[in-house]
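Colleague: I am new to this structure and would like a close look at one part of it. Please start with a single strand and work outwards from there.

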Amino acid sequence: MYLPRIIPCLDVRHGRVVKGVNFLDLSDNGDPVELAERYAATGADELVWLDIVATVEDLELATDLIRRARQGVDIPLTVGGGIRTVGQVGALLDAGADKVSINSQALAEPDLIGRVAKRWGSQCMVVAIDAQRDGDHWQVYSHGGRSRTDWELGAWLKRAEQEGAGEFLLTSMDADGTRRGYDLPMLSFARSLIHRPQIASGGAGSIDDLENAIRHGEDALLIASILHQGDTDLPHIKEALIQRGVAVRWPI
Amino acid sequence: MHVAIVDYGMGNLGSLEAMAHRLDLDPLLWRQGSLPKGADWVIFPGVGSLLNATHELSQRGLAAPLEQAKQDGVPILGICLGLQLLFESGDEGGRGLGWFEGTVPRLQAARTPHMGWNTVRSTTPNPLLDSDPNPAAPAYYFVHSYVVRPRHADLTLGETTYANETFTSVVKDRAVVGVQFHPELSGSAGRRFIQSFIRQVVA
């Protein structure tokens with residue numbers, strides 16, 4: 001039985017986890033390695049690690065941490081954040097990442113997708129997309145949602161798939177931060193156009209939201225703030241989903 | 001215990017080496033020549049296409065030493081592309097090692113790769129898979145667009161269903177085992193599978 005993936009997102013800046021993380025029993029609340037291991041050990045199905053790797057110094061810091069995290073993380077690990085070159089991709093994969101996620105640079109240079117896919121296989125090439133509703137369609141934004149691009153979501157999805165994307169990470173800028181549920185219309189629209197797995201991102205605030213998205217046909221869900229409140233954790237989420245009749249990987 | 005990991009440029013070995021360390025195994029990278037000295041068993045990994053893999057294996061002169069290891073009864077675990085390479089030929093060209101009769105067709109699903117967690121059902125009672133204590137069938141992590149189709153059903157120990165298509169996900173013939181999933185990315189179930197492999201096949 002194919003099971004949905006619940007994917008915590010770690011937001012890392014300069015080697016520290018940003019956004020409130022309240023694991024009282026972690027020795028260092030801000031250590032991304034310890035947090036990644038904790039997530040993996042308590043039921044995460046996969047991890048997304050968003051870092052900044054734009055400069056040589058950033059990349060070295062990130063690869064050191066990922067190399068350490070890899071030792072304890074026994075589930076798939078996707079790393080992204082400011083990746084611009086094939087060399088940076090190689091360094092992250094060498095450090096132990098299973099996949100890389102590329103957003104702005106893929107928009108600036110779509111054939112980067114194909115170069116990564118050709119060298120390491122499309123299964124490790126995740127194209128991340130931030131999109132916002134604009135009248136009758138969704139528009140793609142780059143640079144963390146700061147720059148509007150000329151791409152309509154559907155056109156960019158098809159182009160990126162053609163270039164060799166193996167998976168998509170789709171963030172709804174409208175839903176992100178609201179904690180009022182995933183943007184199901186946008187996700188359905190994307191799903192109808194592409195032939196690759198997609199990860200839903202933005203808006204998850206409760207177990208209801210996860211259940212709704214899964215019943216709606218989404219099978220990979222990124223979660224962030226729901227884990228940052230300190231009132232829930234992965235075992236609780238998975239047990240609650242099972243109780244509601246949603247099959248997930250539990251017990252692990 | 002030493003495990004040789006075949007390194008022929010097809011895929012990232014970081015997560016396999018990390019798994020070996022977590023299990024107190026000493027990994028030895030096998031890049032050329034005959035089986036590294038002291039290796040008790042072999043992991044034959046790989047991601048990507050059969051076509052490139054066959055080329056890389058012969059380029060590095062690893063096909064014959066692998067065959068020798070098999071003939072010497074060294075336990076070998078093929079993972080993902082390493083499973084597919086045990087068969088004869090792929091849909092889009094490329095020949096495997098041909099140790100097992102059968103082909104490597106593409107998944108029929110509209111959405112590929114088959115990426116994520118899926119369960120493996122034993123097709124016949126067997127201690128390799130059945131020792132997992134999980135009350136539900138254990139789930140493992142898969143990433144692949146091709147599957148193996150063995151000519152002989154008795155090669156299959158486990159099967160998996162994705163998008164209404166059921167395919168062989170575990171094969172075994174004497175000391176050669178192949179799995180379509182990635183034990184090294186399959187959390188504690190993956191670790192238990194490797195421990196079971198060591199108990200049942202290596203020990």
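Which strand of chain B is joined to strand β1 of chain A, how many bridges join them, and do they run parallel or antiparallel?

Modeller: A caution to begin with: this is a predicted model. Strand β1 of chain A covers residues 2-3. Its partner is β7(B). The two are joined by 2 bridges and run antiparallel. Take the residue pairs in turn. Y2(A) has N118(B) as its bridge partner in β7(B). L3(A) stands opposite W117(B), also in β7(B).

The pairing belongs to an open sheet of 3 strands. The order is β1(A)-β7(B)-β9(B), and the pairing is antiparallel. Why is one side of β1(A) left without a neighbour in this sheet? β1 of chain A stands at an edge with a single partner strand, so one of its sides has no neighbour there. The same holds for β9 of chain B, at an edge too.

Now widen the view to the contact between the chains. Here 29 residues of chain B are in contact with 27 residues of chain A. On the chain B side, four elements each supply at least two residues: α1 (14-22), β7 (114-119), β9 (139-144) and α6 (187-202). So β7(B) and β9(B), already met in the open sheet, belong to this side as well. The most comes from α1(B), which gives 6 residues. By class, this side of chain B has 13 nonpolar, 13 polar and 3 charged residues.

Back to chain A and strand β2, residues 5-13. This strand is mostly covered, with 7 of its 9 residues buried. Its pairings are with strands of chain A. With strand β12 (residues 220-223), β2(A) runs parallel, joined by 4 bridges. There I7(A) stands opposite L222(A). With strand β4 (residues 47-50), β2(A) also runs parallel, through 3 bridges. In that pairing C9(A) stands opposite V48(A).

Strand β3 (residues 16-17) is antiparallel to β2(A), and 2 bridges join them. R13(A) has R16(A) as its bridge partner in β3(A). These two strands form a hairpin with 2 residues between them. In the turn, H14(A) has a positive phi of about 50°.

I7(A) also leads to the interior. In soluble globular proteins, nonpolar side chains tend to be buried together. The largest nonpolar core in this model has 144 residues. I7(A), L47(A), V100(A) and V127(A) have the most contacts inside it. Among strands and helices, the most comes from strand β7 of chain A, residues 125-134, with 6 residues. Take care with the name: β7(A) is residues 125-134, while β7(B) is 114-119.

V100(A) shows what such a position touches. Leaving out residues up to four places away in sequence, its contacts include V79(A), I83(A), L92(A), V116(A) and M125(A). T78(A), G80(A) and C124(A) are among them too.

Last, chain A as a whole. Its secondary structure comes to 9 helices and 12 strands. Buried residues make up 51% of its 252 residues. Of the contacts with a separation of 6 or more, 64% link residues 24 or more positions apart. The C-alpha atoms fill a box of roughly 45 × 40 × 35 Å along the principal axes. The radius of gyration is 17 Å, which agrees with the value near 18 Å for a compact globule of 252 residues.

Definitions and conventions
Residues are numbered from 1 along each chain as its sequence is written. Chains are lettered from A and ligands numbered from 1 in the order in which they are written. This is a predicted model: local features need pLDDT of at least 70, side-chain atom pairs count only at pLDDT 80 or more; totals for chains, interfaces and linings use all residues. Two residues are in contact if their C-beta atoms, placed from the backbone, lie within 7 Å. Ala, Val, Leu, Ile, Met, Phe, Trp, Tyr, Cys and Pro count as nonpolar, Asp, Glu, Lys and Arg as charged, and the others, Gly among them, as polar. Two strands pair if DSSP finds at least two bridges between them. A nonpolar core is a set of buried Ala, Val, Leu, Ile, Met, Phe, Trp, Tyr and Cys residues joined through C-beta atoms within 7 Å. A residue is buried if 20 or more other C-beta atoms lie within 10 Å of its own, exposed if 12 or fewer, and partly exposed in between; C-beta atoms are placed from the backbone. The radius of gyration is taken over C-alpha atoms; the globule rule is 2.2 Å times the number of residues to the power 0.38.
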